[in-house]
Structures are given as structure tokens and as C-alpha cells.
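Subject: Structure for you to look at

Hi,

Here is the structure I promised to pass on to you. Have it open while you read, and I will walk you through what I found.

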Amino acid sequence: MRIVVALGGNALLERGQKPDEAPQVENVRKAAQALAPLAQKHELILTHGNGPQVGVLAAQSASDPNLKEPYRFDTLGALTQGMIGYWMLQELGNALGEAKVTTIITQTLVDPADPAFENPTKFIGEVYDEEGAKAAEAEKGWTFKADGKYFRRVIGSPKPVEIIETPAIRTLLEEGYTIICAGGGGVPVTRDADGKLSGVEAVIDKDSTAEKLAEEVKADALLILTDVPNVMKDYGTPEEEAIGTTTPDKLRAIGAPAGSMGPKVNAVCTFVEKTGGIAAIGRLEDAVSIIEGQAGTIVKNS
């Protein structure tokens with residue numbers, strides 16, 4: 001099978017962990033060990049989130065007195081692709097031995113008129129309590145929204161239109177490579193009337209980009225791996241219930257919240273609707289069981 005795996009940024013930096021390098025590398029090592037069995041048996045294209053990491057870099061850039069202005073979010077997205085891609089490249093290579101593994105800095109085309117630029121929803125950076133969030137809003141002009149019992153900064157998250165490097169990704173797949181690409185949803189770019197690309201201030205949802213990538217490389221399956229075992233019906237209520245195998249219509253009907261599970265649900269449902277393939281949401285450590293149909297929330301047409 002050809003499988004696109006989207007690995008959540010919070011799987012790389014767990015909630016409550018300090019954003020130091022050492023714990024993130026250790027988390028990447030664990031991820032590589034969980035994903036290596038898939039790469040040994042299947043064609044694997046791996047993408048990853050960058051919300052916590054790009055938020056940390058943005059805060060550092062905004063507070064650096066040597067900079068006239070902070071680095072733009074397209075540049076910060078490329079930085080996180082290089083940083084996390086390097087960790088994954090090394091650890092997955094170590095786990096797979098002689099297998100071919102590579103990472104690509106990837107650009108994702110977006111529509112400059114996308115309404116998401118005016119309604120930021122993408123969580124980035126570390127968690128704050130309510131008082132800390134209000135202070136940061138007042139001091140830096142950032143926008144915050146509730147993320148569970150905490151608050152996190154949000155930024156515009158336009159829909160992916162096209163992954164610019166898809167032809168290169170297809171070529172590498174044909175050469176037998178396991179590929180790490182489109183990290184953080186890809187570097188957001190727009191194309192002018194002359195066909196020239198330029199970066200824009202945004203962070204694209206990595207699950208939406210993973211779905212688009214899975215379409216473009218004609219994947220058989222899309223796996224969105226996170227820190228929860230299943231999508232939950234009636235989440236947060238006494239009636240909550242884990243969802244196993246389901247259809248796109250039934251999964252969409254649960255009304256998953258826009259800022260967290262919603263994009264994952266939309267991505268897996270869209271992939272199944274457009275391609276007829278299989279998609280799933282579940283825990284990283286269950287990756288092999290999910291592809292075997294024994295864990296996670298599995299979405300198919302019937």
C-alpha cells in the first residue's frame with residue numbers, strides 16, 4: 001500500500017513538556033520506532049505538524065532585539081520543516097537501517113482571498129492560562145483562543161490548493177524512498193499572474209495538506225496519528241463513546257470542534273469521499289494495528 005501518515009505536532013512536543021530539543025528528539029525517536037514497521041512493508045509518505053514549534057520560534061523572533069522585525073510565518077514554517085525533518089530523517093533512518101529515507105522542504109499553494117486570513121483558528125505555540133494569554137494579547141497584539149482548559153495563540157490557516165513539490169515526491173517514491181515532506185502543512189505560498197511564487201503569513205493545517213498530498217500521490221490510505229486512540233462521539237459528556245469503523249457521513253454528523261478534532265475529521269472524510277480509499281485517526285503507537293483494521297477510528301465508504 002501507499003500510505004500518507006500525518007503526525008501531530010503535539011506528538012512531537014507533548015502537552016506540558018518544555019519546548020527543549022532533547023524531549024522532542026526523544027519523542028521523534030519513539031515515533032520512528034512506531035512507524036518503521038509500516039515503512040518496511042509499505043510505501044510511506046510522512047508529514048508532521050509544527051504548531052508548538054513554530055509558535056516557539058515566532059516568540060523568539062518577536063522578542064529578539066537584534067531584528068528590525070520578526071521573521072515571517074512562511075520562513076518560520078520552512079525553519080520547522082528543516083528542524084523536525086532533520087530529526088525524523090535521522091531517527092527513521094536509524095530505525096530502518098539501509099532503507100532509503102529523505103526529507104523535502106515543501107511549499108503549499110493557497111488562495112490569497114481565502115477567508116481564513118480574516119478568521120484565525122490555527123493553534124500555534126505553547127499553552128497559556130487566561131491571565132497570561134490576555135497579557136500577551138495586550139503586549140504583542142496576538143490573538144488567542146481557548147484550547148481545552150488552556151489558551152493558545154491562533155493564526156490564519158488557509159486551505160491548501162496544491163503541493164508544489166508533488167512531482168519530486170512522486171519521483172522519489174518510484175525510486176523506493178520513504179519521504180518526509182509538507183511539514184506544518186507546507187510553507188504557504190501564493191502565485192502571481194506571471195506564475196511567480198511568494199510566501200504569505202499563515203500556518204496551513206497539516207491534516208488538510210496531508211489529505212491533499214494523499215490525493216496527489218494517489219495514496220491507498222491516509223492515517224492521522226495523534227495522542228488519542230479514537231474519535232469520540234458526544235465528547236466530554238457522560239455519553240461519550242469511542243467510534244470504531246464508520247463512514248464519512250456518520251463521522252461528519254458528530255460535529256467535531258473546528259479548532260482540534262474538526263480538521264482531522266474533515267481530512268479523513270474528504271479523502272475517502274474523493275478517492276474511495278481508507279482513512280483513519282488514532283494513536284501513534286497503534287499505527288500498525290490501525291492499518292490492520294484493529295484500532296483507531298477507521299473511515300471507509302461502506
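In the hairpin of β10 and β11, 5 residues lie between the strands, and glycine 195 takes a positive phi near 85 degrees. Before going further, please keep in mind that this is a predicted model.

The two strands of this hairpin run antiparallel, and 3 bridges join them: β10 on one side and β11 (residues 197-199) on the other. You can find two of the paired positions by eye. Valine 189 has glycine 199 of β11 as its bridge partner, and threonine 190 has serine 198 of β11.

Strand β10 (residues 187-191) also pairs with β4 (residues 107-109); here 3 bridges join the strands, and they run parallel. One place to look is threonine 108, whose bridge partner in β10 is proline 188. How many of the 5 residues of β10 are buried? The count is 4, so to speak of the strand as mostly covered is fair.

Now zoom out to the whole sheet. It is an open one of 4 strands in the order β8-β4-β10-β11, and its pairing is mixed. Which strands stand at the edges? They are β8 (162-163) and β11; each has a single partner strand, so one side of each is left without a neighbour in the sheet.

There is another open sheet to find, with 3 strands in the order β5-β7-β6 and antiparallel pairing. Its edge strands are β5 (122-128) and β6 (143-147), and each of these pairs on one side only. On average, neighbouring strands in this sheet are turned by 40 degrees against each other, direction ignored.

Follow the pairing across this sheet from one edge. β5 and β7 (residues 150-155) run antiparallel and are joined by 4 bridges. Lysine 122 stands opposite isoleucine 155 in β7. β6 and β7 run antiparallel too, with 5 bridges joining them, and lysine 145 stands opposite arginine 152 in β7. β6 and β7 form a hairpin with 2 residues between the strands, where glycine 148 takes a positive phi near 70 degrees. As you trace any of these strands, it helps to remember that in a regular strand the side chains alternate between the two faces of the sheet.

The loop between β7 and β8 holds serine 157. Is this serine buried or exposed? Serine 157 has a relative accessibility of 15%, and the cut-off for buried is under 20%, so serine 157 counts as buried. Leaving aside neighbours within four places in sequence, serine 157 is in contact with Ala116, Thr121, Lys122, Val203, Ile204 and Asp205. You may recognise Lys122 in that list, as lysine 122 is the residue that stands opposite isoleucine 155.

Next, the helices. Two packed helices are described by the angle between their axes and the distance between the axes. Start with α3 (residues 51-62) and α4 (residues 73-96): their axes come within 9 Å and cross at roughly 125 degrees. The two helices are therefore oblique to each other, and α3 passes α4 in a right-handed crossing. On the α3 side, Gln53, Val54, Leu57 and Ala58 make the meeting; the residues they meet in α4 include Phe73, Leu76, Gly77 and Met83.

Helix α4 has a contact with α2 (residues 21-41) as well. The axes of α2 and α4 come within 8 Å and cross at roughly 45 degrees, which makes α2 oblique to α4. The contact is made by residues of α2 that include Val25, Val28, Ala32 and Ala36, and by Trp87, Met88, Glu91, Leu92, Ala95 and Leu96 of α4. This crossing of α2 past α4 is right-handed.

Finally, a word on the cysteines. A disulfide is a covalent bond between the sulfur atoms of two cysteines. How many disulfides does the structure hold? The number is 0. Two cysteines to look up are cysteine 181, which counts as buried at 1% relative accessibility, and cysteine 269, which is buried with a relative accessible area of 0%. To get a feeling for distances, compare the chain with the space around it: serine 157 and cysteine 269 are 112 residues apart along the chain, and their C-alpha atoms are separated by 19 Å.

Enjoy exploring!

Best wishes

Key: Residues numbered from 1 in each chain as written. Predicted model: local features only at pLDDT ≥ 70, side-chain atom pairs only at ≥ 80, totals over all residues. Heavy atoms only, no water. Pairing = 2+ DSSP bridges. Axes fitted to C-alpha atoms, helices over the stretch in contact; angles between N-to-C directions. Disulfide = S-S within 2.5 Å. Buried < 20%, exposed > 50% of the residue type's maximum accessible area, 1.4 Å probe, protein only. Parallel < 35°, antiparallel > 145°, perpendicular 65-115°, else oblique. Left-handed = near helix turned anticlockwise from the far one by under 90°. Contact = heavy atoms within 4.5 Å.
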